[in-house]
Amino acid sequence: MAKVIIEPLGSHHDRAAFDCGQPRVTNFIRLTAKKQVAESLAVVRVAVAEGTPKVLGYHSLSAHSLLVDDLPAELMPKSRPYPGLGAFYLGFLGVDLSMQGKGIGCLLLRDAMGQTMRAGEYGGIAFLVLDAIDEAAVPFYLQFGFTALPSQPLRLVLPASVIRQAVAQAGNP
Ligand SMILES: CC(C)(COP(=O)(O)OP(=O)(O)OC[C@H]1O[C@@H](n2cnc3c(N)ncnc32)[C@H](O)[C@@H]1OP(=O)(O)O)[C@@H](O)C(=O)NCCC(=O)NCCS
């Protein structure tokens with residue numbers, strides 16, 4: 001199979017057959033993603049085999065703001081941010097059932113980290129944030145260094161310092 005690459009969602013991409021086993025995540029790329037991109041609500045990037053249109057996986061990112069008081073003490077910034085804590089929100093991440101377990105989810109998450117780090121060069125981005133779809137999805141994120149918020153166990157945050165380290169280790173900013 002050709003090399004898997006990640007690129008911005010375009011009109012040539014084939015999303016109709018995508019199914020990751022989670023209806024909300026499947027329906028977003030099939031039905032909603034293009035509209036959200038057109039309205040500047042999200043940036044969606046897709047994994048494809050280079051030179052082919054079939055969507056093998058995708059992620060969706062939006063700008064976000066975190067409440068400082070939600071953070072556990074160890075992640076609290078030393079100075080008080082104004083007006084809030086800048087963050088990027090990973091709205092969706094999914095890999096087609098036929099391609100799960102081949103490293104594409106990891107590739108997509110690392111791509112989302114890279115996007116978050118680059119955005120942080122233009123404005124303060126302290127965290128990558130997401131709401132896991134269910135408890136079964138949480139361990140996937142914990143292995144990358146995400147921390148669950150004590151008040152909302154499905155809400156996971158990844159500090160910019162961890163993102164920078166991961167991107168530097170991957171050698172692919
Ligand atoms: C979760 C998901 C994105 C993972 O994608 P994937 O391509 O299968 O994952 P990868 O092959 O990149 O796996 C990377 C690592 O994560 C591990 N992993 C995958 N899914 C996991 C899970 N649910 N829990 C714990 N670890 C998991 C793999 O074993 C692998 O570990 P290894 O490197 O030690 O072998 C995919 O299973 C999916 O789309 N699920 C349905 C939609 C969903 O739940 N999305 C998340 C919404 S919050």
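From the N terminus on, the elements of this chain run β-α-β-β-β-α-β-α-β-β-α. That makes 4 helices and 7 strands. The radius of gyration of the chain is 16 Å, close to the 16 Å that the globule rule gives for 173 residues, so the chain is as compact as a globular protein of that length. The C-alpha trace spans about 45 × 35 × 30 Å along its principal axes. The model is a predicted one.

**Where the ligand sits**

The chain holds a ligand in its largest pocket. The shell around this ligand counts 19 residues. The closest of them are V95, G103, G105, C106 and Q143.

Which elements each supply at least two residues of the shell? They are the strand β4 (85–95) and the helices α2 (104–119) and α3 (138–142). V95, among the closest residues, is the last residue in the range of β4 (85–95). G105 and C106 are also among the closest, and both numbers fall within α2 (104–119).

By class, the shell has 11 nonpolar residues. Another 7 are polar, and 1 is charged.

**Polar contacts of the ligand**

Three protein residues come up here, with one distance for each. The table names the atoms on both sides.

| Ligand atom | Protein partner | Distance |
|---|---|---|
| nitrogen | polar backbone atom of A136 | 3.3 Å |
| oxygen | N or O atom in the side chain of Q100 | 3.4 Å |
| nitrogen | polar backbone atom of F140 | 3.5 Å |

Q100 uses its side chain, facing an oxygen atom of the ligand. A136 offers a polar backbone atom to a ligand nitrogen. F140 also does this through a polar backbone atom, and its number lies within α3 (138–142).

How much of the ligand does the protein bury? Taken alone, the ligand exposes 910 Å². The protein buries 66% of that area.

Conventions
Residues are numbered from 1 along each chain as its sequence is written. This is a predicted model: local features need pLDDT of at least 70, side-chain atom pairs count only at pLDDT 80 or more; totals for chains, interfaces and linings use all residues. Side-chain values use heavy atoms; hydrogens and water are left out. A residue is near a molecule or strand if one of its heavy atoms lies within 4 Å of it. A polar contact is a pair of N or O atoms within 3.5 Å; within protein, one must be able to donate a hydrogen and the other to accept it, and residues adjacent in sequence count only if both atoms are side-chain atoms. Accessible areas come from the Shrake-Rupley method with a 1.4 Å probe; for residues, only the protein chains shown count as cover. On a 1 Å grid over the protein atoms alone, a cavity is a set of points where a 1.4 Å probe fits but cannot get out, and a pocket is an open set with protein on both sides within 12 Å along at least five of seven lines; lining residues have an atom within 4 Å of a point. A molecule sits in a cavity or pocket if more than half of its atoms lie within 2 Å of its grid points. Ala, Val, Leu, Ile, Met, Phe, Trp, Tyr, Cys and Pro count as nonpolar, Asp, Glu, Lys and Arg as charged, and the others, Gly among them, as polar. The radius of gyration is taken over C-alpha atoms; the globule rule is 2.2 Å times the number of residues to the power 0.38.
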